[in-house]
Amino acid sequence: MIYADPSFLCSLYGHDANSQAAARTYSVDARRPLAFTPWQRFEVRNAFRLASHKLRGAGEAVPWQVGNIFKKIDEDLAAGRLKHEEPDWRDTFRLAEQLSEAHTQALGSASVDLWHVAAAIVLQADTFWTFDQEQRALATAVARFRKVPSL
């Protein structure tokens, strides 16, 4: 299973500096679905809403339509490209606390980064995709994943 954190998912579904790298990376493993938790759904949808708000507030054009992005995500869920997964929340938070104890002082891991790596482990993902450098350092330090590519 592949766990793609929201930084990767936002680049895959939106238009930003990492979108081409996200599309290239996904095309290599396109036959395997990406895990999609309720937290990822919330975080990705909120990120697009917030980015749209900030761009409009700055008088800039928004390079996407939020509704179209949400529709594409729903289509990918229906087609099996995204797979709805619900990790046990208690197990995920317990593991995130253990990861924090083991790695935060050395790596400076943020809570949400710890949660995403813990969720990927609980879901038994073998691959972790992120554009977040701190999160990549944590996923690499955990040494649980077969692939944590430098994107």
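Is Y3 buried or exposed, and at what relative accessibility? Y3 counts as buried, because its relative accessibility is 0% and the cut-off for buried is under 20%. This is a predicted model.

## The sheet

Four strands make up an open sheet. Their order is β3-β2-β1-β4, and they pair in parallel. The edges are β3, residues 82-84, and β4, residues 127-129. Each edge strand has a pairing partner on one side only. On average, neighbouring strands in this sheet are turned by 40° against each other, with direction ignored.

Look next at β2, which spans residues 34-36. Strand β2 pairs with β3 in the parallel sense, over 3 bridges. Across from L34 stands L82, a residue of β3.

## A helix across the strands

Helix α6 covers residues 111-122. It lies across two strands, β1 (2-4) and β4. Relative to β1, helix α6 runs at about 165°.

## Y3 and F128: a stacked pair

The structure holds 7 aromatic pairs. One of them joins Y3 and F128. Their ring centres are 5.5 Å apart and their planes meet at 10°. The pair is therefore stacked, since planes under 30 degrees apart count as such.

The two partners come from distant parts of the chain. Y3 belongs to strand β1 and F128 to strand β4, with their positions 125 residues apart. F128 is buried, with a relative accessible area of 0%. Y3 is buried as well, at 0% relative accessibility.

## F48 and W64: an edge-to-face pair

F48 and W64 form another kind of contact between rings: an edge-to-face aromatic pair. The centre-to-centre distance is 5.4 Å, and the angle between the planes is 80°. This pair also links distant parts of the chain. F48 sits in helix α3, residues 38-57. W64 sits in the loop between α3 and α4 (66-79). The two residues are 16 apart along the chain. Both F48 and W64 are buried.

## A ring cluster and a charge over a ring

Which residues do ring pairs link into a cluster? The members are W39, F42, W89 and W115.

R45 takes part in a contact of another type, with the ring of F70. R45 lies over the face of that ring, 3.9 Å from the ring centre.

Note on methods
Residues numbered from 1 in each chain as written. Predicted model: local features only at pLDDT ≥ 70, side-chain atom pairs only at ≥ 80, totals over all residues. Heavy atoms only, no water. Pairing = 2+ DSSP bridges. Axes fitted to C-alpha atoms, helices over the stretch in contact; angles between N-to-C directions. Contact = heavy atoms within 4.5 Å. Phe/Tyr/Trp six-rings, centres within 6.5 Å; stacked < 30°, edge-to-face > 60°. Buried < 20%, exposed > 50% of the residue type's maximum accessible area, 1.4 Å probe, protein only. Lys NZ or Arg CZ within 6 Å of the ring centre and 35° of its normal.
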